[in-house]
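New to this one? Take a look at the structure first, and then we'll walk through some of its features together.

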Amino acid sequence: MHTPEVVVIGGGPAGMAAALGAWDEGARDILIIEREESLGGILNQCIHNGFGLHRFKEELTGPEYAERYSTRVRELGIAFWTETMVIDMSPDRVLTAVNANGVHQLTPRAVVLAMGCRERARGALAIPGSRPAGVMTAGTAQKFVNLDGYLPGKSIVILGSGGIGLIMARRMRIEGAEVKAVVELMPYSGGLKRNIVQCLDDFDIPLLLSHTVTRIAGENRVESVTIARVDAQRRPVPGTEQEIACDALFLSVGLLPENELSREAGIALSPVTGGAFVGESFQTSLVGVFACGNALHVHDLVDYVSAESDVAGRNAARHAAGQSFPLDGIPIATEGGVRYCVPSCVNPARVGREVTLRFRVGDVYRNKRVSVYLDDERVHTAVKRILTPGEMETVTLPGGVFAARPEASRLLVTIEEKA
């Protein structure tokens with residue numbers, strides 16, 4: 001039985017940033033548990049650049065970004081177990097972990113959930129047709145190419161225009177494969193604008209919006225896919241079908257926070273994000289358990305993951321030292337096209353200098369105003385030229401906003417007309 005101050009589940013960018021945040025807050029008995037053979041998480045296979053522009057003010061590859069954190073973890077002597085799986089977390093924070101050395105039980109004072117997210121696979125899409133080799137998630141294809149040195153196809157169709165799908169369209173083109181098309185169900189892309197330009201436009205790869213794959217053909221290997229245009233209800237339009245010959249179909253159709261442990265422990269989860277409801281401290285509904293990174297909600301930039309996780313780790317260390325962070329305070333509501341907001345509530349008594357709200361919209365909006373209301377008073381507003389579901393929005397409110405209104409009962413994030 002081990003009793004560390006803070007246990008961080010997940011050794012990716014969120015987990016390492018949380019552990020370092022806990023260290024900076026004074027915790028010294030910290031343990032990171034990672035199921036892969038090394039720290040770094042998904043960044044180890046993201047060899048493209050574009051990371052670190054916000055956090056380090058320079059452009060890094062995924063492994064370089066991860067190395068900045070793993071180097072400091074090692075320099076400080078923070079303990080980490082790799083090739084270890086946490087298989088259970090009880091409501092009283094007893095963790096059961098398994099590795100080559102056996103079964104371990106841990107009773108930490110605080111836990112940080114930083115398990116990341118996973119991709120939706122074909123089974124979630126119900127695409128008809130045969131089940132040949134060559135159908136895989138974009139992340140699996142990325143691992144084959146960047147870590148294992150295999151080319152998973154020579155003629156590719158990509159379903160979904162999420163970040164990994166766009167990155168893999170470019171990656172496969174660089175490796176000499178032909179990318180026939182990126183097919184997107186929605187009338188807009190789910191990826192960052194810069195990735196659309198750098199990964200598709202710069203390589204003349206077509207992006208077919210409001211289209212989907214309706215059939216997969218092939219015996220042992222994918223031979224072709226049939227795509228069709230969809231209507232406003234996302235239903236295939238008869239007569240618009242076209243068959244595309246290919247030997248691989250990559251799926252980039254959304255990411256899901258990894259929260260099996262959270263669910264089993266009885267933590268309240270958001271039906272929108274799939275992650276936990278948290279307050280401004282990032283504590284969940286289970287006392288002493290904090291959540292951050294893609295296990296909390298899917299991010300578009302790892303820089304934001306690190307910033308958020310640093311706060312979660314610091315508060316986990318404070319809880320371990322005796323401070324209380326109940327999930328209470330002013331509830332945060334969303335309207336006008338805002339799908340969700342993290343955190344879910346804010347306690348004015350605990351807000352320091354500022355609180356950061358992160359949210360996503362549910363459609364494409366142009367020339368609108370993002371506003372935040374505390375009760376009936378607008379405390380923040382900003383005109384946005386464009387808002388898209390693929391890009392997370394951030395609003396930072398100074399702590400004085402809450403100090404001046406201690407009796408406020410509602411915080412609202414909404415989209416309004418610019419005028």
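What follows is a short tour of selected helices, strands and single residues.

## Before we start

Keep in mind that this is a predicted model. Residue numbers count from 1 along the chain as its sequence is written.

## Two helices side by side

Let's begin with α1, which covers residues 13–24, and α2, which covers residues 62–76. Their axes sit 10 Å apart and make an angle of about 40 degrees. That angle makes α1 oblique to α2. As for handedness, α1 and α2 cross in the left-handed sense.

Which residues make the contact between α1 and α2? On the α1 side they are M16, A17, L20, W23 and D24, while α2 brings in A66, Y69, S70, R72, V73 and L76. Sorted by class, the contact has eight nonpolar residues, one polar residue and two charged ones.

## A buried cysteine

Now for C46, in the loop that runs between β2 (30–33) and β3 (49–51). Is C46 buried or exposed? Its relative accessibility is 9%, so C46 counts as buried, the cut-off being under 20%.

If you skip the neighbours within four places in sequence, C46 touches F51, T61, G62, P63 and Q142. There is also a long-range pair to look at: C46 and M168 are 122 residues apart in sequence, yet their C-alpha atoms are 10.0 Å apart in space.

## Strands β6, β7 and β8

Strand β7 (residues 95–99) has antiparallel pairings with two strands that you can trace in turn. With β6 (residues 85–89) it pairs over four bridges, in the antiparallel sense. Here M89 stands opposite L95 in β7. The two strands form a hairpin with five residues between them, and in the turn R93 has a positive phi of about 65 degrees.

Next comes β8 (residues 102–106), joined to β7 by five bridges and also running antiparallel to it. L95 turns up again here, with L106 as its bridge partner in β8. The hairpin from β7 to β8 goes through two residues. How many of the five residues of β7 are buried? Four are, so the strand is mostly covered.

## A parallel sheet

Further along, five strands make an open sheet with parallel pairing, in the order β11-β18-β12-β13-β14. At the edges you'll find β11 (135–137) and β14 (207–208). Each of these has a single partner strand, so one side of each is left without a neighbour in the sheet.

Inside this sheet, β12 (residues 155–159) and β13 (residues 178–183) pair over five bridges in the parallel sense. To find your place, look for I156, which stands opposite V179 in β13.

The loop between α5 (193–200) and β14 holds D204. This residue isn't a glycine, but it has a positive phi of about 55 degrees. With a relative accessible area of 67%, D204 is exposed.

## A mixed sheet

There's another open sheet of five strands, this time with mixed pairing, and its order is β23-β21-β28-β25-β26. The edge strands are β23 (345–346) and β26 (377–387), each pairing on one side only.

Strand β28 is a good place to stop and look around. It is mostly covered, with five of its seven residues buried. With β25 (residues 365–374), β28 (residues 411–417) runs antiparallel and shares seven bridges. Across that pairing, S371 stands opposite T414, and L374 stands opposite L411. With β21 (residues 330–334), β28 pairs in the parallel sense over three bridges. L411 shows up here too, as the bridge partner of I332.

## Two loop details around that sheet

Which peptide bond is cis? It's the one from V342 to P343, with omega near 10 degrees. P343 belongs to the loop between β22 (338–342) and β23.

Finally, find D375 in the loop between β25 and β26. Though not a glycine, D375 has a positive phi of about 55 degrees. Its relative accessible area is 32%, so D375 is partly exposed.

How values were computed
Predicted model: local features only at pLDDT ≥ 70, side-chain atom pairs only at ≥ 80, totals over all residues. Heavy atoms only, no water. Axes fitted to C-alpha atoms, helices over the stretch in contact; angles between N-to-C directions. Parallel < 35°, antiparallel > 145°, perpendicular 65-115°, else oblique. Left-handed = near helix turned anticlockwise from the far one by under 90°. Contact = heavy atoms within 4.5 Å. Nonpolar A, V, L, I, M, F, W, Y, C, P; charged D, E, K, R; others polar. Pairing = 2+ DSSP bridges. Buried < 20%, exposed > 50% of the residue type's maximum accessible area, 1.4 Å probe, protein only.
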